[in-house]
Amino acid sequence: MVEGGMKCIKFLLFAFNLIFVIAAIAIIAVGAYVQIKLTEYYDFFGNQYAGPGILLIVVGVFIFIIAFFGCMGAIKENYCLVMTFAVLLALIFILMIAGGIAGFVLRNDIEDKVVDVLKNEVTNYNKNPGVTDAWNVLQQEFQCCGVTNSSDWKQASDLNTTYPWSCCMDSEACKTKQNITYDDIYKQACESAFIGWMKDKVAIIGGVGIGLAFVMVVGVLFACCLARAIRKEYEVV
């Protein structure tokens, strides 16, 4: 059994793994939330942007499994389990850094693609039921109208009124209104509202990721120290 300072590191490593378990549950919950929200706009984007939510869920499950190795290794003082924990933790740290860099580099391309998709789908309002529902959800939830501005709805040939009812501040009244005027609608563009929402969520995920990455580095160091102490004991025996 490890003694002295190594015993303290053993319990600290166990405590860090409890943090990983909580973080894993939080990441899985965020991933599920993102996936559910993106599902509402499936008719816009299809499977193009299904990746982020699924990726977060997979990462959360992976961290949960890694935490299991760490906890068991610390409790049983098992060299193989502790080293497996350290290697897997270092691997996921590298993947998180790579993913963060890729997301930062590609952020403008993603924004441009989202805007292009929204502009293309304006013309499908009242033609495709799924697209129509997605537009109504988007405009009501984000209190916006049109992609860059409300005049985008002039492109919707199957629209029976000037603007969709979902553009209205009083949507229930507009559902039966024959002539929806500019004074009835939201003035915010859906482009800025939706992309702003995406940026907020990415910022939260990024902040959590940075904090978790720091904890991972400390966890790897503690695991290596504990593994070294366990190995020395094996050599003495």
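The largest nonpolar core of this predicted model holds 30 residues. Within this core, Phe20, Ile63 and Leu89 have the most contacts. Four helices each give two or more residues to the core: α1 (5-39), α3 (51-76), α4 (79-122) and α7 (190-236). The largest share comes from α7, which supplies 10 residues. The core also draws on both domains, taking at least three residues from each of domain 1 (1-76) and domain 2 (88-236).

Leu89 illustrates the packing at this site. Leaving aside neighbours within four places in sequence, Leu89 is in contact with Phe20 and Ile66. The other partners of Leu89 on that count are Met216, Gly219 and Val220. Phe20 is thus listed twice, as a contact of Leu89 and as one of the residues with the most contacts inside the core. Another core lies apart from the largest one. This second core has 26 residues, among them Cys144, Cys145, Ile195 and Trp197.

The overall fold is helical. The secondary structure comes to 7 helices and 0 strands. From the N terminus on, the elements run α-α-α-α-α-α-α. Contacts between residues 24 or more positions apart make up 71% of the contacts with a separation of 6 or more. Of the 237 residues, 40% count as buried. The protein exposes about 12,900 Å², and carbon and sulfur atoms supply 66% of that area.

Annotation can be set against the model. An unreviewed UniProt entry places the feature "transmembrane region" at residues 12-34, 54-75, 82-106 and 202-227. Two of these segments were examined for secondary structure and end-to-end distance. Over residues 12-34 the chain is 100% helix and 0% strand. The end C-alpha atoms of the 12-34 segment are 33 Å apart. Residues 202-227 are likewise 100% helix and 0% strand. For the 202-227 segment, the end C-alpha atoms lie 36 Å apart.

Charged pairs were searched across the whole structure. The search finds 2 salt bridges. Side chains of opposite charge can pair when their charged atoms come close. One bridge joins the side chains of Lys175 and Glu172, with an N to O distance of 3.2 Å. Lys175 is partly exposed, at a relative accessible area of 44%. Glu172 is exposed, because its relative accessible area of 53% is over the 50% cut-off. The other bridge links Asp184 with Lys177, and the closest N and O atoms of this pair are 2.8 Å apart. Asp184 has 18% relative accessibility and therefore counts as buried, the limit being under 20%. Its partner Lys177 is partly exposed, with a relative accessible area of 34%.

Ser150 was examined as a loop residue. Ser150 lies in the loop between α5 (129-142) and α6 (171-174). Despite this loop position, Ser150 is buried, since its relative accessible area is 11% and the limit is under 20%. Not counting residues up to four places away in sequence, Ser150 touches Cys145, Tyr163, Tyr182 and Ile185. Of these contacts, Cys145 is also among the residues of the 26-residue core.

Note on methods:
Residues are numbered from 1 along each chain as its sequence is written. This is a predicted model: local features need pLDDT of at least 70, side-chain atom pairs count only at pLDDT 80 or more; totals for chains, interfaces and linings use all residues. Side-chain values use heavy atoms; hydrogens and water are left out. A nonpolar core is a set of buried Ala, Val, Leu, Ile, Met, Phe, Trp, Tyr and Cys residues joined through side-chain atoms within 4.5 Å. Buried means under 20% relative accessible area, exposed over 50%, partly exposed in between (1.4 Å probe, protein chains only). Domain bounds come from an automatic or database domain assignment. Contact means heavy atoms within 4.5 Å. UniProt positions are given in the numbering used here, feature names are shortened, and annotations may be inferred rather than shown by experiment. A salt bridge is a side-chain nitrogen of Lys or Arg within 4 Å of a carboxyl oxygen of Asp or Glu. Accessible areas come from the Shrake-Rupley method with a 1.4 Å probe; for residues, only the protein chains shown count as cover.
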